[in-house]
Amino acid sequence: MQINKLHAVTTSHTGWSQRAVFLHHKKLDCRSARSIRLFLQAIVVCLGIFALFLFAGTRSKEEEMARTASSNAYIKWVDFKVSYEALCKAMEADICSHATKHPLDWIELLAYTAAKTGGEFPQSALRDMDQTIQKLTGLDESKEAEASLTMEKLAADLKYYSYYKEAYTAVLGGYIGEYEIQKVDEAGKKTWETCYGLKAYSPIAKGFEYRDYDDFGASRTFGYKREHLGHDMLGQIGTPVIAVESGYVEALGWNRYGGWRIGIRSFDGRRYYYYAHLRQNYPYAKDLAVGSVVTAGSVIGYMGHTGYSSTENVNNIDEVHLHFGIQLIFDESQKEGCSEIWIDAYQLARFLSHNRAEAAKQGDTKEWAAVNPIKDPAVEKFLQDKKSIKLLKRLKEEQGTEGGRQEKETLLVAP
């Protein structure tokens with residue numbers, strides 16, 4: 001009897017324990033389910049907020065393009081995403097059709113394609129560009145009436161065509177055109193040959209190795225946290241740096257971020273080329289100064305690793321490289337400050353790598369000079385303009401009193 005009572009008590013206790021355990025687990029399951037629901041709801045809310053911001057950003061970009069296309073307002077935003085392949089195809093179409101009945105404009109081709117794709121250039125955009133070329137040149141035999149079609153007519157219904165045309169002209173405006181190039185025959189005789197084609201150059205001289213990748217927007221922390229608004233091209237100390245396009249020197253000297261640097265403005269005022277971290281002790285080509293006019297393809301400086309120091313002529317950059325940047329300026333208010341527009345130059349650097357100026361060392365000096373210099377009609381036109389002469393004079397006077405244009409990186413803080 002005692003044993004049976006003990007067994008009954010034990011069994012009863014075990015039953016209550018199991019029930020208690022079951023209820024405890026049930027409570028945990030309920031709490032877990034509630035936590036999971038709250039977690040999923042939080043994710044949905046976050047995704048909704050992200051989508052709202054993304055939509056708002058897209059809307060703001062579209063509104064900016066529409067406002068620019070429908071009024072005389074200057075452009076305040078450019079996201080240059082033209083691919084290397086698209087640049088090559090458009091350039092080839094322009095050059096090959098130059099002397100024909102239906103010459104094509106490479107910037108118009110790119111702008112038309114961008115207006116149809118929203119500024120993106122996947123493989124399908126290249127196929128679309130081929131079809132556009134056929135229509136405009138009259139090569140599409142199935143549509144004879146399109147032989148007289150113009151880009152103006154073709155793009156008439158595209159809402160953002162004018163925006164992309166203006167934006168891409170600001171990027172590529174001085175790259176293709178007529179020029180003369182000096183050639184030397186086997187006897188050493190120098191002659192000038194008139195050409196039409198690409199007259200913009202890679203910033204790295206021919207025969208000098210370099211490596212690069214798309215590092216636009218990468219984080220930088222010296223001085224303050226910010227985005228990298230240029231394109232780094234890594235190479236050897238002393239590599240000749242080439243003027244990408246003809247223009248005038250707007251800034252030259254030391255900056256604690258860029259070290260020894262050069263800032264060159266295009267003649268139309270739309271592009272500002274920034275070459276930084278130049279060589280210690282001998283950063284620039286001889287006689288280069290603020291107010292100097294330079295021709296595309298000429299040597300302007302030498303690669304180094306100066307910068308990241310308030311003290312001049314200091315090598316504080318770990319790797320030898322050229323920081324190459326391109327700023328777009330549609331209004332002088334964008335020249336310096338929070339409204340500056342810098343573009344990703346990686347695809348352009350790839351494109352320009354096919355046109356690298358050869359340079360030769362000048363005797364026992366540290367100077368290098370272009371082997372085949374060019375004559376750019378844009379240079380002569382600029383120097384004959386009275387306003388241009390006044391501009392150069394003012395720049396030289398400012399250099400003597402204020403040190404010229406100050407470096408923009410100090411004003412660009414990443415969010």
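In this predicted model, Trp254 and Trp260 are both buried. The two rings also pair up with each other: their centres sit 5.1 Å apart and their planes meet at 80°. Since planes over 60 degrees apart count as edge-to-face, that is the label this pair gets. A second aromatic pair, Tyr273 with Phe324, is put together in another way, with 6.3 Å from centre to centre and just 10° between the planes, so the rings count as stacked. Tyr273 belongs to strand β10 (residues 271-276) and Phe324 to strand β13 (residues 321-328), so this pair ties together parts that lie 51 residues apart in sequence. Tyr273 is buried, and Phe324 is buried too.

Those two pairs are part of a total of 14 aromatic pairs. Some rings gather into a group: Trp77, Phe80, Tyr163, Tyr164 and Tyr168 make up one aromatic cluster. Rings also turn up next to charged side chains. Arg350 lies over the face of Tyr84, 4.2 Å from the centre of the ring. Over at Trp192, the visitor is Lys375, whose charged end sits over the ring at 4.3 Å from its centre.

As for the overall make-up, the protein chain holds nine helices and 17 strands. It runs to 415 residues, and 43% of them count as buried. Taking contacts between residues at least 6 apart in sequence, 67% join residues that are at least 24 apart.

Two of the helices, α2 (residues 84-97) and α4 (residues 123-137), pack against each other with their axes 10 Å apart and at an angle of about 10°. With an angle that falls under 35 degrees, α2 is therefore roughly parallel to α4. On the α2 side, the contact is made by Glu85, Ala86, Lys89, Ala90 and Ala93, while α4 brings in Leu126, Met129, Asp130 and Ile133.

Lys81 is found in the loop that runs between α1 (2-70) and α2. Its relative accessibility is 37%, so Lys81 counts as partly exposed. Setting aside neighbours within four places in sequence, Lys81 is in contact with Gly119, Glu120 and Phe121. With Glu120 there is a polar contact, side chain to side chain, at 3.0 Å. Lys81 also has a distant part of the sequence for company: Ala345 is 264 residues away along the chain, yet the two C-alpha atoms are 9.5 Å apart in space.

His228 sits in the loop between β5 (226-227) and β6 (231-234). With a relative accessible area of 4%, His228 falls under the 20% cut-off and is therefore buried. Two backbone oxygens come up to polar atoms of the His228 side chain: that of Asp215 at 3.3 Å, and that of Gly230 at 3.4 Å. Leaving out neighbours within four places in sequence, the residues in contact with His228 are Asp215, Phe216, Gly217, Ala218, Arg220 and His323. Asp215 thus appears twice around His228, in the list of contacts and through its backbone oxygen.

Another loop, the one between β16 (368-370) and β17 (374-375), holds Val371. This valine has a relative accessible area of 29%, so Val371 is partly exposed. Once neighbours within four places in sequence are left aside, Val371 is in contact with Gln182, Glu358, Ala359 and Ala360. Val371 and Val184 are 187 residues apart in sequence, with their C-alpha atoms 9.0 Å apart in space.

Backbone angles bring up two more residues. Most residues other than glycine have a negative phi. Asn281 has a positive one, near 75°, and Asp287, which is not a glycine either, has a positive phi of about 75°. Asn281 is found in the loop between β10 and β11 (293-294), and Asp287 lies in the loop between β10 and β11 as well. Asn281 has 58% relative accessibility, so this residue counts as exposed. Asp287 is exposed too, with a relative accessible area of 68%.

Conventions
Residues are numbered from 1 along each chain as its sequence is written. This is a predicted model: local features need pLDDT of at least 70, side-chain atom pairs count only at pLDDT 80 or more; totals for chains, interfaces and linings use all residues. Side-chain values use heavy atoms; hydrogens and water are left out. Rings of Phe, Tyr and Trp (its six-membered ring) pair if their centres lie within 6.5 Å; planes under 30 degrees apart count as stacked, over 60 as edge-to-face and the rest as tilted. Buried means under 20% relative accessible area, exposed over 50%, partly exposed in between (1.4 Å probe, protein chains only). Helices (H or I, at least four residues) and strands (E, at least two) are DSSP runs, numbered from the N terminus. A charge sits over a ring if NZ of Lys or CZ of Arg is within 6 Å of the ring centre and within 35 degrees of the ring normal. A polar contact is a pair of N or O atoms within 3.5 Å; within protein, one must be able to donate a hydrogen and the other to accept it, and residues adjacent in sequence count only if both atoms are side-chain atoms. Contact means heavy atoms within 4.5 Å. Axes are lines fitted to C-alpha atoms, for helices over the stretch in contact, and angles run from 0 to 180 degrees between N-to-C directions. Angles under 35 degrees count as roughly parallel, over 145 as roughly antiparallel, 65 to 115 as roughly perpendicular and the rest as oblique.
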